[in-house]
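Hello,

Here is the structure for you to look over. My notes follow it.

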Protein chains: 2
Amino acid sequence: MSKSMHLGLFLAANGHHAGGWRHPDAAQGNPLDFDYYREIAQKAEAAKLDMIFIADKLAIDDNYGGNFDSSVTYRPALSAEPLTLISALSAATQKIGLAATASTTYHEPYHIARMFATLDHLSKGRVAWNVVTSTSDAEARNFSKKEHLDHATRYERAQEFVEVVQKLWDSWEEDALLIDKSRGVFADKDKVHYANHQGKWFDVKGPLNIPRSPQGHPVLIQAGSSETFRALAAQYAELIFTAQPNIESAKTFYQDLKSRVESYGRSRDAVKILPGTMLIVGDTEQEAKDKEQYLHSLIHTQTGLAFMSGSMNYDLSKHALDEPFPDIEQEIRGSRGRFQFVFRKAKEEGLTLAQVARWYIQSRSHNVVVGTPSSIADRLETWFKEESCDGFNLMAPYMSGGLDDIFERVIPELQNRGVFREAYTSDTLRGHFGLQSPNNRYSQAAKPSTILI
Amino acid sequence: MSKSMHLGLFLAANGHHAGGWRHPDAAQGNPLDFDYYREIAQKAEAAKLDMIFIADKLAIDDNYGGNFDSSVTYRPALSAEPLTLISALSAATQKIGLAATASTTYHEPYHIARMFATLDHLSKGRVAWNVVTSTSDAEARNFSKKEHLDHATRYERAQEFVEVVQKLWDSWEEDALLIDKSRGVFADKDKVHYANHQGKWFDVKGPLNIPRSPQGHPVLIQAGSSETFRALAAQYAELIFTAQPNIESAKTFYQDLKSRVESYGRSRDAVKILPGTMLIVGDTEQEAKDKEQYLHSLIHTQTGLAFMSGSMNYDLSKHALDEPFPDIEQEIRGSRGRFQFVFRKAKEEGLTLAQVARWYIQSRSHNVVVGTPSSIADRLETWFKEESCDGFNLMAPYMSGGLDDIFERVIPELQNRGVFREAYTSDTLRGHFGLQSPNNRYSQAAKPSTILI
């Protein structure tokens with residue numbers, strides 16, 4: 001087989017299309033029912049996907065008009081807490097990787113280091129942390145803060161947060177645990193280390209109370225596209241999740257990121273880039289397009305306005321719906337990078353606020369591929385072979401029907417073409433993605449296991 | 001069957017006796033191996049236990065001598081993060097309750113409310129939160145604090161923390177979720193509420209982004225015995241976990257707590273009290289006593305010194321090992337209630353520091369019952385029938401052998417006597433313990449379902 005693309009499943013309980021939950025085939029039960037998640041995870045594993053990826057938000061958006069009505073009424077505002085969800089899924093699966101989002105703005109590094117290290121043990125080396133900085137004041141107000149940190153400040157905190165977590169993950173050397181019953185020596189104290197971190201944001205002494213985990217460090221994912229994001233991701237990220245609306249923007253992003261990675265002395269292959277990609281599948285091109293249009297018809301305009309306001313951390317209700325989209329690029333305080341494309345498009349096409357809101361929420365700046373299994377596979381193959389990505393974080397428009405189309409029709413097509421694996425060849429998330437385990441900063445440079453393998 | 005006692009399994013990866021990890025039958029592998037936990041949990045469920053209970057500490061103790069040598073060398077210093085562990089166990093079990101410890105001193109209420117609510121959904125109503133305030137400066141130093149909050153202050157914070165969490169758990173009324181596809185109404189906005197909490201410690205707006213969970217609120221457990229603890233527990237706790245070294249102290253505690261519960265207008269039955277109880281089982285009384293002595297012989301004195309120093313948040317290395325136990329009752333800043341008995345005993349019996357350290361770490365003030373399955377059942381039955389407890393949080397001295405003795409020999413004996421269930425009669429943790437679901441503060445007082453059932 002030629003080089004294989006990497007495929008994640010970007011899991012959202014009610015599907016990724018904003019109208020998806022209203023589709024006749026969409027599940028209508030409790031969106032936190034574990035039987036539902038278990039079945040999806042086991043299908044994803046049967047399809048040999050690299051990982052399941054779970055995003056997160058620490059509030060219900062209430063920027064738009066200062067209330068949450070549009071968020072709870074018109075769109076699924078609920079999301080299972082990702083760490084607990086992937087823990088449960090780890091017990092229901094054997095091979096597939098599991099990635100959970102956690103915010104550096106509203107968590108403590110010791111908890112995050114410990115939870116992911118525990119999970120890496122429990123899952124036998126299958127977890128990843130998607131590092132985010134959060135977006136909105138609604139989140140700040142759930143954590144005794146008046147407003148969200150500004151963009152530069154929260155990235156500064158994120159960088160220090162990641163450094164602390166990595167120090168804690170290194171605090172037990174790989175061979176520190178002895179459990180020598182006869183001598184009565186549980187661990188080698190000389191191979192356990194204080195982190196002794198003292199910084200602007202955090203003072204964390206350590207050591208972690210978890211021995212080094214199977215992957216050394218759980219895999220680090222970062223998601224975004226802004227300039228600040230790129231600078232951080234190029235240093236720390238091992239997987240990058242990004243919203244790229246088309247192959248041109250994806251190529252530019254891919255080449256830029258890979259160059260930056262090299263500028264930090266890292267190998268291009270040390271980082272894999274996966275754009276979010278929604279697939280809408282039909283028996284014919286026309287049927288797929290009709291399905292997309294039908295899904296669009298199920299969207300309320302308020303859903304777009306509420307979601308955009310939350311992501312921008314800006315109240316769009318100040319502006320008239322039928323006037324041209326307002327010039328607010330310098331005023332938004334939430335996500336930045338993913339809206340640059342939106343501002344440009346609104347200007348070029350002279351769109352109104354209502355038009356932008358409806359259009360934006362259809363895909364949230366993600367790539368959408370609509371067609372037959374074969375034509376979809378063509379386009380995914382092109383993106384992959386033309387070096388605009390290392391694979392995709394796949395998004396089902398509605399659950400479970402829209403997901404079954406992906407598992408049962410698109411993945412087999414990619415496997416037949418030899419661009420996606422037909423069987424797992426490793427047991428860890430690092431293994432699936434071909435990512436090396438990091439060295440422990442405290443271990444001898446010339447570790448035999450590092451040299452000989 | 002007459003009234004049934006309630007039994008939890010107080011799970012510790014390396015067993016509860018400080019010498020247990022060195023026992024020839026003790027497991028020697030990775031103490032974070034999920035296969036090991038899964039097997040134990042499934043055995044506990046087969047034995048029809050009410051719940052599995054997991055304690056926690058947010059650091060490796062390093063009070064004694066200002067380093068962690070005695071903690072990592074002589075005793076298992078490692079503990080899986082409890083929330084992620086019980087999440088994974090929820091996917092591997094069907095009926096048994098799952099209780100995780102989380103600290104109000106070092107967590108944020110929104111995360112705690114959300115994780116437990118998620119878990120209550122995923123487990124279909126089987127989770128409990130053991131509310132603790134933590135004990136030592138080692139924990140403080142992992143969270144950018146110089147030292148641990150003093151006793152009164154951390155209980156003040158704990159009380160407000162629990163109130164915030166309960167407000168968030170109430171923020172979605174039971175019937176708020178509609179998922180009405182045809183009208184396009186996901187939730188009833190009038191049944192979703194801001195928490196709007198503003199207090200001394202926390203400002204939390206809410207609402208939670210999780211709908212009301214199967215148990216209404218996950219069950220609240222509190223653990224302790226100090227005066228401050230009792231005042232808080234009598235108002236909020238539904239299960240109380242306590243260390244009581246003998247039946248007299250247990251009876252006094254039980255009667256005091258139940259009276260306090262009533263003084264807050266709650267029913268005596270609204271709170272169940274479970275003392276931690278280590279069982280050491282033999283074919284004969286002598287064999288059991290020999291087993292206990294053998295386990296004691298495996299303990300290092302340093303283990304007792306390090307563990308006591310951590311729990312007291314006080315460095316005992318300042319004192320000579322062979323001098324009488326020092327008079328430091330007013331100086332310790334960690335756990336209070338559980339050491340009152342220790343100070344008294346040391347004084348009455350004229351014990352040295354080394355003697356107290358070795359004795360304390362054998363049971364950590366918990367009741368220890370040593371004997372044959374029949375004589376152990378006699379004593380548990382006496383405790384239960386004489387109203388010194390509502391059941392026990394059972395502790396195995398070593399794993400898995402010491403635990404199998406409990407499951408295979410003691411539990412069947414209790415079942416034969418009709419004092420413990422032979423089959424589950426409910427599916428939730430509240431159901432197992434006979435605890436009612438709380439009303440939602442926002443729901444109509446005269447809810448038909450409340451009146452008619």
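How much of residues 26-383 of chain A is helix, and how much is strand? Over that stretch the chain is 43% helix and 15% strand. Its end C-alpha atoms lie 29 Å apart. The range comes from UniProt, where an unreviewed entry lists residues 26-383 of chain A as "domain: Luciferase-like". Please keep in mind that this is a predicted model.

**Chain A overall**

Chain A contains 16 helices and 13 strands. Its radius of gyration is 22 Å. A compact globule of 453 residues would come out near 22 Å, so chain A agrees with that expectation. Along the principal axes, the C-alpha atoms fill a box of roughly 75 × 55 × 45 Å.

Of the 453 residues in chain A, 65% are buried. Now the contacts with a separation of 6 or more: 77% of those in chain A join residues 24 or more positions apart. The exposed area of chain A is about 15,900 Å². Carbon and sulfur atoms supply 46% of that area. On charge, chain A has 50 positive and 58 negative charges. The mean positions of the two sets are 4 Å apart.

**Backbone points to check in chain A**

Two cis peptide bonds deserve a look. One runs from G206(A) to P207(A), with omega near -5°. P207(A) sits in the loop between β8 (203-204) and β9 (219-223). Another joins M399(A) and S400(A), with omega about 0°. This one does not involve a proline. S400(A) is in the loop between β13 (391-395) and α14 (401-416).

Then there are positive phi values outside glycine. S134(A) has phi near 65°. Its place is the loop between β4 (127-132) and α5 (137-140). Is S134(A) buried or exposed? S134(A) counts as buried, because its relative accessibility is 10% and the cut-off is under 20%.

I179(A) also has a positive phi, about 50°, and is not a glycine. This residue is found in a strand, β5 (residues 177-180). I179(A) is buried too, with a relative accessible area of 3%.

**Two sites in chain B**

Where is F339(B)? It lies in helix α11 of chain B. F339(B) is buried, at 0% relative accessibility. Which residues does F339(B) contact, leaving aside neighbours within four places in sequence? They are M308(B), S311(B), M312(B), I332(B) and Y360(B). One distance to note: the C-alpha atoms of F339(B) and E329(B) are separated by 8.2 Å. These two residues are ten apart along the chain.

T352(B) is in the loop between α11 (337-349) and α12 (353-363) of chain B. T352(B) is buried, with a relative accessible area of 15%. What does T352(B) touch, not counting residues up to four places away in sequence? The answer is L321(B), D322(B), E323(B), P324(B) and F325(B).

**Where to start**

I would open the M399(A) to S400(A) bond, which is cis. After that, go to I179(A), with its positive phi in strand β5. Then turn to chain B and view F339(B) in helix α11, followed by T352(B) in the loop after that helix.

Best wishes

Note on methods: Residues numbered from 1 in each chain as written. Chains lettered and ligands numbered in written order. Predicted model: local features only at pLDDT ≥ 70, side-chain atom pairs only at ≥ 80, totals over all residues. Heavy atoms only, no water. Helix = DSSP H or I, 4+ residues; strand = E, 2+ residues; numbered from the N terminus. Rg over C-alpha atoms; globule rule 2.2 N^0.38 Å. Buried < 20%, exposed > 50% of the residue type's maximum accessible area, 1.4 Å probe, protein only. Contact = heavy atoms within 4.5 Å. Areas by Shrake-Rupley, 256 points an atom, 1.4 Å probe, with all protein chains shown as cover. Lys, Arg positive; Asp, Glu negative; His and termini not counted. Charge placed at Lys NZ, Arg CZ, Asp CG, Glu CD. UniProt positions renumbered as here; feature names shortened; annotations may be inferred.
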